[in-house]
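Hello,

I am passing on the structure we talked about, with some notes on what turned up in it. Have a look at it first, and then read on.

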Amino acid sequence: MARVNKALFWSLFAAGGTLTAFVFPALAVVVLFTAYGHPPDIMAFEQIHGLLSNWLVKLAAFGTVALALWHAAHRMRTALHGIGLRADGLVAVVGYGIAALGTVLVAYYLLRI
Amino acid sequence: MAYVRPVSKTTWYLAKRSYTVHMVQELTSLFVAILAFILLWGIGAVAGGPESYQAFLDSMNSTGMLFVMWGVTVVMFYHAVAWFSVTPKAMPIQRGEEFVPGSLIAGGHYVVWVVLSVIILLLAGVF
């Protein structure tokens, strides 16, 4: 069981790392423009609502946000172990718990659009 | 019993440059999480309708978020470069007897990354 979990969390970490490496820099730029008060065209409500109404986009958005969270949870776990925190069980429960909650939330939000 | 050199549990990664780089790369995940939560927040705001979405845009347009987003943006570019540079080690590809050169695997990922980023920015209307 432990070995299965290890492989599962590692695959989520690797998939999330690759996906975020491909799309997060560009998405960060879009959000950065928004933070400057110059949101790109896509950030207008009608535009983003229309985009997220598409089922393929919903699926892509779900995969991106969920995998990013699982990637971060797993990597923060190894990083915290690396800086000397030895409460690995607690770190794993809290980290993966937050990732699981985020996964459910993003699915819920996307289904309401 | 063999002598075991004492190693600090909290500062070992400062002893060697490659360890420090590894630790810095681990910490990029904090910024991945920040952007993931901002996207989650934004998607939730869209689901809540035009008014909640406008409130999200207003919250984003602040000095604090500007600092956060500069940090996130810079770290995300670093994460991408660092991630693809180790991809050949994590995912070596064998062709017959030989391994495909690591530079080719990393290079291929960089090309796809640049093309994908340009497409996203074009579709978003950044330029």
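Which residue follows α3(A), and what is the sign of its phi? That residue is A:Gly84, and its phi is positive, near 105°.

A word on conventions before the rest. This is a predicted model, in which local features need pLDDT of at least 70 and side-chain atom pairs count only at pLDDT 80 or more, while totals for chains, interfaces and linings use all residues. Residues are numbered from 1 along each chain as its sequence is written, and chains are lettered from A and ligands numbered from 1 in the order in which they are written.

Chain A first. Its secondary structure comes to four helices and zero strands (DSSP runs, H or I of at least four residues for helices and E of at least two for strands, numbered from the N terminus). The C-alpha trace spans about 45 × 30 × 20 Å along its principal axes. Of the 113 residues in chain A, 38% are buried (20 or more other C-beta atoms within 10 Å of a residue's own, with C-beta atoms placed from the backbone).

The length of α3(A) checks out: its 28 residues should span 40 Å at 1.5 Å a residue, and the end C-alpha atoms are indeed 40 Å apart (the expected span is 1.5 Å times one less than the number of residues).

Now the contact between the chains. It takes 49 residues from chain A and 47 residues from chain B, where contact means C-beta atoms, placed from the backbone, within 7 Å. On the chain A side, α1 (2-35), α2 (45-53), α3 (55-82) and α4 each supply at least two residues. The most comes from α1(A), with 19 residues. By class, that side of chain A has 35 nonpolar, eleven polar and three charged residues (Ala, Val, Leu, Ile, Met, Phe, Trp, Tyr, Cys and Pro are nonpolar, Asp, Glu, Lys and Arg charged, and the others, Gly among them, polar).

One helix pair across the chains is worth a look. α4 of chain A (residues 88-112) and α1 of chain B (residues 17-47) pack at an angle of about 30°, with axes 8 Å apart (axes are lines fitted to C-alpha atoms, for helices over the stretch in contact, and angles run from 0 to 180 degrees between N-to-C directions). α4(A) and α1(B) are therefore roughly parallel, the term for angles under 35 degrees. Residues making this contact include A:Leu105 and A:Tyr109 of α4(A) and B:Leu40 and B:Ile43 of α1(B).

Best wishes

Terms used:
Parallel < 35°, antiparallel > 145°, perpendicular 65-115°, else oblique. Contact = placed C-beta atoms within 7 Å. Buried ≥ 20, exposed ≤ 12 C-beta atoms within 10 Å, placed from the backbone.
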